[in-house]
Amino acid sequence: MLTKKVGPYTKSDERLIADGRSAPARRYRKYIKALKEDFGENLPPAQRLLVERTAMMLTRLHYLDNRILLDDEFGQLDNNQYIAWQNAVRRNLAELEATRKSVLEYF
């Protein structure tokens with residue numbers, strides 16, 4: 001079976017090569033579900049993208065957390081990525097919180 005070369009200009013549907021049964025995919029869906037429960041199911045597209053990016057970064061951070069806890073080799077690059085992703089998650093969550101509709105807006 002031949003697989004297409006996937007790159008940054010590949011159409012988005014063609015990039016979805018994983019079937020979603022892997023442990024990272026399950027964890028990603030878990031984060032998506034938790035974030036949507038918190039911020040709402042029917043989000044505008046920009047907020048939905050923020051939720052998806054945040055879930056992906058949380059998934060990556062989870063595996064870096066495990067490397068730290070297992071006392072695995074954790075270099076300077078890993079440390080820099082960890083800090084950058086952690087800060088990006090914090091900023092995304094703050095942005096989502098700032099755009100959350102107030103309960104008072106419904107009355």
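This is a short guided tour of the chain, with a suggestion of what to select at each stop.

**The whole chain**

Begin with everything shown as a cartoon, and keep in mind that this is a predicted model. You should find 4 helices and 0 strands, so a colouring by element reads α-α-α-α from the N terminus on. Switch to a surface next: the chain exposes about 8,700 Å², with carbon and sulfur atoms supplying 56% of that area. Of the 107 residues, 23% are buried. If you like contact maps, look away from the diagonal: among contacts with a separation of 6 or more, 58% are made by residues 24 or more positions apart.

**First stop: the largest nonpolar core**

Select Tyr31, Ile32, Leu35, Phe39, Leu43, Leu50, Val51, Ala55 and Leu96 and show their side chains. Together these 9 residues form the largest nonpolar core. Helices α2 (23–39) and α3 (45–69) each contribute at least two of its residues, and α2 gives the largest share, with 4 residues. As background, nonpolar side chains in soluble globular proteins tend to be buried together.

Stay with this core and centre on Leu43. Where does Leu43 sit along the chain? Its place is in the loop between α2 and α3. Leu43 counts as buried because its relative accessibility is 15%, under the 20% cut-off. Setting aside residues within four places in sequence, Leu43 is in contact with Arg48 and Val51. Now add Arg100 and draw a distance between the two C-alpha atoms: Leu43 and Arg100 are 57 residues apart in sequence and 9.7 Å apart in space.

**Second stop: from Tyr31 across to α3**

Pick Tyr31, another member of the largest core. Not counting residues up to four places away in sequence, Tyr31 touches Ala55, Leu58, Thr59 and His62. Two of these partners, Thr59 and His62, deserve a look of their own.

Thr59 is in helix α3. Is Thr59 buried or exposed? At 3% relative accessibility, Thr59 counts as buried. Show its partners beyond four places in sequence and you will see Pro24, Arg27, Tyr28 and Tyr31.

His62 also belongs to helix α3. Its relative accessible area of 17% makes His62 buried. Beyond its sequence neighbours within four places, His62 is in contact with Arg27 and Tyr31.

Arg27 has now appeared in the contacts of Thr59 and of His62, so select Arg27 next. You will find Arg27 in helix α2, where it is partly exposed with a relative accessible area of 22%. Which residues does Arg27 contact, leaving aside those within four places in sequence? The partners are Thr59, His62 and Tyr63. For one more distance, take the C-alpha atoms of Arg27 and Leu58: these residues are 31 apart along the chain, and the atoms are separated by 9.0 Å.

**Third stop: α3 against α4**

Hide the side chains and display helix α3 with helix α4 (residues 76–98). Their axes come within 9 Å and cross at roughly 145°. The crossing of α3 and α4 is left-handed. Colour the contact by residue class and you get 13 nonpolar, 4 polar and 6 charged residues.

Then bring side chains back for Leu64, which is found in helix α3. Leu64 is buried, with a relative accessible area of 6%. Apart from neighbours within four places in sequence, Leu64 is in contact with Phe74, Asp78, Tyr82 and Trp85. How far apart are Leu64 and Tyr82 in space, C-alpha to C-alpha? The distance is 7.1 Å, for residues 18 apart in sequence.

**Last stop: Asp71**

Finish in the loop between α3 and α4, where Asp71 is found. Check the backbone here: Asp71 has a positive phi of about 60° although it is not a glycine. Put the surface back on to see its surroundings. With a relative accessibility of 71%, Asp71 counts as exposed, whereas Leu64 is buried.

Notes
Residues are numbered from 1 along each chain as its sequence is written. This is a predicted model: local features need pLDDT of at least 70, side-chain atom pairs count only at pLDDT 80 or more; totals for chains, interfaces and linings use all residues. Side-chain values use heavy atoms; hydrogens and water are left out. Buried means under 20% relative accessible area, exposed over 50%, partly exposed in between (1.4 Å probe, protein chains only). Contact means heavy atoms within 4.5 Å. Accessible areas come from the Shrake-Rupley method with a 1.4 Å probe; for residues, only the protein chains shown count as cover. A nonpolar core is a set of buried Ala, Val, Leu, Ile, Met, Phe, Trp, Tyr and Cys residues joined through side-chain atoms within 4.5 Å. Axes are lines fitted to C-alpha atoms, for helices over the stretch in contact, and angles run from 0 to 180 degrees between N-to-C directions. A crossing is left-handed if the near helix is turned anticlockwise from the far one by less than a right angle, and right-handed if clockwise. Ala, Val, Leu, Ile, Met, Phe, Trp, Tyr, Cys and Pro count as nonpolar, Asp, Glu, Lys and Arg as charged, and the others, Gly among them, as polar.
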